[in-house]
Amino acid sequence: MIIEACHIAQFGKWKDADFSFSPGKNSFLWDNGYGKTSFIYFFKLMFYGVSGDRKQDLEENERKHYMPFQGASFGGRIIFRIGEKRYRLERSFGLKKSEDSFRLFDEDSGKESKDYSENIGEELFSLDAESFQRVCMISHEDLHFSMNSRMHAKLGNVAEDQEDMKKFQQVQTILKDGINALSPNRRTGNIFKLKMQEEELSSGLYGKEALENAVLSIEKEVLALTEKEAKRKEEGKALEEELSQRISEKDSLGKWMSYVQKKEEWEKAEYRYENALKWYYQERFSEIPEEKKALLWKEEMHSLQEQIHSIKKEIEKASEIGGENTGAEVRIERELSGTSPAVLFALAGLGLLFVLLFFGKLFGMPLGLPSALFLLLGILSLSLCFFLWWSGEQKKRAWQEKQEEEENRQRKQQAIRFASLEELLSRFHKLEDMQDLEKEAAGRKEEFLRFVEEEGGEQAFSLLEEKQKEWEEGPSLEESRRKLEAFRKEEEESREEIRRKRAEREAKVRDLDFLEEQERLLAQKKEEREALEKRYNLLQKTKAYLEMAKERFALQYKEPILEAFQKYFQSICTEPLQFQMSEDLELSFVDRGLSREQGYLSEGLQDLCRFCQKLAIFDAMFQEEKAFLLLDDPFSHLDEKNGARARALLEELAESRQIFYFTCSEERKV
């Protein structure tokens with residue numbers, strides 16, 4: 001494949017630039033910042049399109065990195081030749097993938113070609129964009145090399161079986177992740193976790209046997225208590241029957257109890273009435289005949305009632321007379337007051353007026369009478385006013401003194417009446433109480449006699465009295481009740497003990513069920529672990545077989561690549577180093593019989609090794625139709641001699657492949 005020319009419409013800092021290229025070496029001496037890297041990536045993006053659209057980092061997001069600052073579309077065209085056929089590749093890139101465009105033309109006919117799709121890079125080189133960058137783009141900034149499945153497929157000439165080779169690395173990664181996820185040695189491994197869970201579950205099952213024995217022991221205690229309770233039920237029935245019999249006997253003697261109660265009530269009422277008579281008659285009680293004791297106090301009660309009525313009338317009459325006297329006193333008081341207040345005020349006013357006229361005359365008022373006359377008239381008026389008032393007050397005082405004496409006399413008489421009334425009322429109320437006691441005694445007696453007559457007479461109650469004595473000689477009803485209550489309390493305590501034991505048993509059964517569930521889980525975890533261990537062993541074997549297959553596959557191209565590498569290395573460097581290469585094409589060198597990594601070499605030798613390794617891999621991948629090489633100043637770390645020999649090597653390489661060589665140094669120009 002030969003690139004003949006290109007046009008960069010816009011790409012990074014490039015704009016409207018045209019270039020033509022020769023089939024062999026194309027050397028560019030550009031200063032730093034001129035656009036060497038952008039120019040190299042222009043070729044990659046034209047064949048593979050942009051990548052990293054979802055990346056935020058500007059270096060990884062190629063669309064953002066190479067888009068012009070003004071935000072317009074970018075891209076261009078490339079004219080290239082494959083064999084005898086020439087093509088024109090046109091691409092443009094917008095703000096997003098939907099705005100990208102791809103077109104391929106037959107350059108000679110000008111017609112659009114369908115020989116390749118927009119995945120033209122993979123179709124031409126049998127490499128994805130990442131692999132193309134690793135093999136065909138060699139930069140001094142990154143000479144490190146690593147293999148992937150597409151590169152293995154290309155080297156093994158099985159690039160057509162891309163799906164299998166694409167998935168090789170993916171399968172390797174999946175196997176590795178699967179083995180790590182199942183690992184019995186990693187704390188994050190499922191087998192390790194299951195082992196830890198088994199240990200935890202096993203430690204919790206140590207007390208299962210003791211718990212089972214405890215459940216059986218409690219069950220025996222519950223059975224013993226239940227049997228004991230069943231036996232005690234007969235005893236409880238006997239106590240209940242005894243109490244029921246005592247209650248029945250007591251109910252049958254209820255009439256006797258009523259008889260005794262009513263008789264006691266009658267006797268008590270008679271006793272209270274007799275005591276009241278003794279208190280009333282005092283010493284005379286024993287002298288008064290029995291037939292008259294109930295008559296005398298009644299006659300006296302009647303007499304007291306008449307006396308009280310008479311005194312009440314006298315008090316009412318005295319109150320009426322007092323009301324009449326009060327009205328008369330008001331009239332008399334008005335009569336004794338003498339001159340009316342209006343006359344007194346008029347005389348006083350007139351006297352004051354004459355006094356004022358007297359002083360007015362003294363101060364020069366023009367009055368027709370002499371001042372002494374005014375003064376005399378004023379004194380006479382005031383004197384007359386005072387005399388009239390004083391004489392009225394004297395009469396009033398004398399009358400009030402007389403009236404007060406009369407009122408005191410009447411109050412004493414009224415007090416005597418009230419004292420007599422209170423004494424009579426006190427005696428009367430006592431007699432009323434005696435009357436109530438007499439009525440109560442008579443009522444109780446009548447009630448008792450009626451009850452005896454209704455129930456069959458005194459003879460029937462004599463028989464009940466004998467039964468009562470027999471009933472009292474046996475255990476009391478209260479004692480029977482206490483015995484039954486004590487038995488029921490013991491019975492409830494026994495039931496509570498059974499309930500407590502059953503609750504304890506149920507709790508332990510729940511614990512036992514939990515342990516059995518733990519045991520079931522333990523068995524389940526063991527099964528899961530054994531299944532995972534089988535899977536783990538299978539994955540390890542699969543990974544080992546794949547590694548063996550990979551090694552056998554790599555043997556097809558490892559030796560030719562190592563041979564080509566040593567040829568290129570010896571053509572540039574005179575150091576007598578012996579190299580080795582792994583199936584992943586990792587280089588190492590032999591020092592005094594020991595294999596050592598490249599890191600032990602100087603920076604310049606490391607870059608030289610990587611450069612020669614990439615050239616050897618490039619030759620192995622493109623044995624027939626050579627791709628083009630993009631070299632971005634790969635010899636910047638080489639010394640003068642090795643750099644000169646490396647540039648001379650490029651001259652030889654350019655005879656069989658197209659090379660684009662970029663440098664910023666006049667000394668490293670080819």
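**A walk through the salt bridges, helices and surface**

Arg88 is buried, with a relative accessible area of 17%. That value falls on the buried side because the cut-off for burial is under 20%. The model is predicted. Arg88 is a good place to enter it.

Arg88 has a charged partner. Glu107 forms a salt bridge with Arg88, and their closest N and O atoms are 2.8 Å apart. This pair links distant parts of the chain, 19 residues apart. Arg88 sits in strand E5 (residues 85-93). Glu107 sits in the loop between strand E6 (101-106) and H3. Glu107 is partly exposed, with a relative accessible area of 21%. So one partner, Arg88, counts as buried at 17%, while Glu107 at 21% counts as partly exposed.

How many salt bridges does a search of the whole structure find? The total is 24. In general, side chains of opposite charge can pair when their charged atoms come close. Some of these pairs join up. Glu4, Arg81, Arg86 and Asp108 are linked in a network of salt bridges.

Another pair is formed by the side chains of Glu62 and Lys44, at 3.1 Å from N to O. Glu62 lies in helix H2 and Lys44 in helix H1 (residues 36-48), so this salt bridge ties together parts that are 18 residues apart in sequence. Are Glu62 and Lys44 buried or exposed? Both are buried. For Glu62, the relative accessibility is 7%.

Stay with Glu62. Its helix, H2, spans residues 62-66. Its side chain also reaches the backbone nitrogen of Ser51, at 3.0 Å. Which residues does Glu62 touch, leaving out those up to four places away in sequence? The list is Tyr41, Lys44, Leu45, Gly49, Val50 and Ser51. Lys44 and Ser51 have already appeared: Lys44 is the salt-bridge partner, and Ser51 offers the backbone nitrogen.

A third pair sits within a single helix. Glu497 forms a salt bridge with Arg500, and the closest N and O atoms are 2.7 Å apart. The two residues are 3 apart in helix H14 (residues 477-572), so about one helical turn separates them. Glu497 is partly exposed, at 27% relative accessible area. Arg500 is partly exposed too, at 41%.

Now step back to the whole chain. The protein chain holds 16 helices and 12 strands. Of its 670 residues, 37% are buried. Its accessible surface comes to about 41,000 Å², and carbon and sulfur atoms account for 51% of that. Take the contacts between residues at least 6 apart in sequence: 67% of them join residues at least 24 apart. One approach across the sequence involves Glu122 and Tyr48. These residues are 74 apart along the chain, and their C-alpha atoms are separated by 7.5 Å. Glu122 lies in helix H3 (residues 120-125). Glu122 is partly exposed, with a relative accessible area of 26%.

Two helices show how burial can be laid out. Helix H15 (residues 603-621) has 19 residues and reaches 27 Å from its first C-alpha to its last, close to the 27 Å expected at 1.5 Å a residue. Burial is extensive here: 18 of the 19 residues of H15 are buried, so the helix is largely enclosed by the rest of the structure. Helix H7 (residues 190-204) has 15 residues and reaches 21 Å, close to the 21 Å expected. In H7, the buried residues include Ile191, Phe192, Leu194, Glu198 and Leu201.

Next, the surface. Leu369, Leu373, Leu376 and Leu380 form a nonpolar patch there, with about 340 Å² of accessible area together. One of them, Leu373, belongs to helix H12 (residues 371-454). Leu373 is partly exposed, at 30% relative accessible area.

Last, the backbone. Most residues other than glycine have a negative phi. Asp16 is not a glycine, yet its phi is positive, at about 50°. Asp633 also has a positive phi, at about 45°, and is not a glycine either. Their settings can be set side by side. Asp16 is in strand E2 (residues 14-20), whereas Asp633 lies in the loop between strand E11 (629-632) and helix H16 (640-653). Asp16 counts as exposed, at 57% relative accessibility. Asp633 counts as buried, at 2%.

Conventions. Residues numbered from 1 in each chain as written. Predicted model: local features only at pLDDT ≥ 70, side-chain atom pairs only at ≥ 80, totals over all residues. Heavy atoms only, no water. Helix = DSSP H or I, 4+ residues; strand = E, 2+ residues; numbered from the N terminus. Expected span 1.5 Å × (residues − 1). Buried < 20%, exposed > 50% of the residue type's maximum accessible area, 1.4 Å probe, protein only. Patch = residues over 30% accessible without salt bridge, like charges linked within 9 Å, V, L, I, M, F, W, Y side chains within 5 Å. Areas by Shrake-Rupley, 256 points an atom, 1.4 Å probe, with all protein chains shown as cover. Salt bridge = Lys/Arg side-chain N within 4 Å of Asp/Glu carboxyl O. Polar contact = N/O pair within 3.5 Å; in protein donor to acceptor, adjacent residues only side chain to side chain. Contact = heavy atoms within 4.5 Å.
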